[in-house]
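Reader: I'd love a close look at one part of this model, and then a walk outward from there. Could you take your time over it?

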Amino acid sequence: MEQRPRDRVMEALEPLADGDAGVYSCGAMEYFEQFFDFVNDDSPWKWRTWSSFTPREVEALAEVLELMNAACAATRQHLSEEELAASGWPARVEPVAAATLSMMRDRGRFNEDTEEAAPSL
């Protein structure tokens, strides 16, 4: 069932969509890990093929993924929240993540207890 992971992706986008405030709300490591837990081209699951995403959602998530990968490449591991915020990456990710989250929220969430063809919540 791909409905639950889609909802988790939406939750992972929330701190990214909050920019610096999102970093401080969840911590620098979790800022990255929460997103990469579900949206990661190096993972065994093929998130781009999940039927719970529309093609536009896949495209938008791929844009966020590209920025997140760039942020990882440009920053060192084990940054503090202050160092990550000062890097400017959360501010760069914020508008793309916010637009993606907004689009996904407009479509809605799936009921996690019943399989659905379209989001009902």
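Which residues are linked in a network of salt bridges, and what surrounds them?

Author: Happy to. Please keep in mind that this is a predicted model. The network links R8, E11, E14, R105 and R109 through salt bridges. Let's go through two of its pairs, and then move outward to the rest of the fold.

Start with R8 and E11, whose side chains meet in a salt bridge with an N to O distance of 2.9 Å. Both residues sit in helix α1, and because they are 3 residues apart there, about one helical turn separates them. R8 is partly exposed, with a relative accessible area of 25%. E11 is partly exposed too, at 29%.

The next pair reaches across to another helix. The side chains of R105 and E14 meet in a salt bridge of 3.3 Å, N to O. R105 belongs to helix α6 and E14 to helix α1, so this pair ties together parts that lie 91 residues apart in sequence. R105 has a relative accessible area of 46%, which makes it partly exposed. For E14 the value is 29%, and this residue is also partly exposed.

Beyond the network, the count for the model comes to 10 salt bridges. One of them joins the side chains of E63 and R56, at 3.8 Å from N to O. E63 is partly exposed at 37% relative accessibility, and R56 is partly exposed at 41%.

Now for a charged residue in a buried position. E57 is found in helix α4, and with 1% relative accessibility it counts as buried. Setting aside neighbours within four places in sequence, E57 is in contact with R6, S52, M103, M104 and R107.

From there we can turn to the nonpolar interior. In soluble globular proteins, nonpolar side chains tend to be buried together. The largest nonpolar core here has 29 residues, and the members that touch the most others are L13, L16, F35, W47, L61 and M68. Helices α1 (3–17), α3, α4 (55–74) and α6 (89–107) each supply at least two residues of this core. The largest share, 7 residues, comes from α4. Two of the helices just named, α1 and α6, also hold the residues of the R105 and E14 pair.

W47 deserves a look of its own. Leaving out its neighbours within four places in sequence, W47 is in contact with F38, V39, N40, D41, F53, V58, L61, A62 and L65. L61, one of these contacts, is itself among the core members that touch the most others.

A different kind of place to visit is the largest pocket, which has a volume of about 190 Å³. Its lining is made up of A28, M29, F32, E33, F36, C72, T75, R76, Q77, H78 and L79. Helix α3 (residues 28–36) gives the largest share of that lining, with 5 residues. Sorted by class, the lining holds 6 nonpolar, 3 polar and 2 charged residues.

One lining residue stands out for its backbone. H78 has a positive phi of about 60°, although it is not a glycine. This residue is found in the loop between α4 and α5 (81–87), and at 60% relative accessibility it counts as exposed. So H78 is exposed and also lines the largest pocket.

On the helix that leads into that loop, A74 is found in α4. A74 is exposed, with a relative accessible area of 52%. Its C-alpha atom is separated by 8.9 Å from that of S87, which is 13 residues away along the chain.

Finally, let's come back towards α1. D18 lies in the loop between α1 and α2 (20–26). At 44% relative accessibility, D18 counts as partly exposed. The C-alpha atoms of D18 and E94 are separated by 6.1 Å, with their places 76 residues apart along the chain. That brings us back to where we began, with the salt-bridge network of R8, E11, E14, R105 and R109.

Terms used: Residues are numbered from 1 along each chain as its sequence is written. This is a predicted model: local features need pLDDT of at least 70, side-chain atom pairs count only at pLDDT 80 or more; totals for chains, interfaces and linings use all residues. Side-chain values use heavy atoms; hydrogens and water are left out. On a 1 Å grid over the protein atoms alone, a cavity is a set of points where a 1.4 Å probe fits but cannot get out, and a pocket is an open set with protein on both sides within 12 Å along at least five of seven lines; lining residues have an atom within 4 Å of a point. Grid points are joined across faces, edges and corners, and a volume is the space filled by probe spheres set on the points. Helices (H or I, at least four residues) and strands (E, at least two) are DSSP runs, numbered from the N terminus. Ala, Val, Leu, Ile, Met, Phe, Trp, Tyr, Cys and Pro count as nonpolar, Asp, Glu, Lys and Arg as charged, and the others, Gly among them, as polar. A nonpolar core is a set of buried Ala, Val, Leu, Ile, Met, Phe, Trp, Tyr and Cys residues joined through side-chain atoms within 4.5 Å. Buried means under 20% relative accessible area, exposed over 50%, partly exposed in between (1.4 Å probe, protein chains only). Contact means heavy atoms within 4.5 Å. A salt bridge is a side-chain nitrogen of Lys or Arg within 4 Å of a carboxyl oxygen of Asp or Glu.
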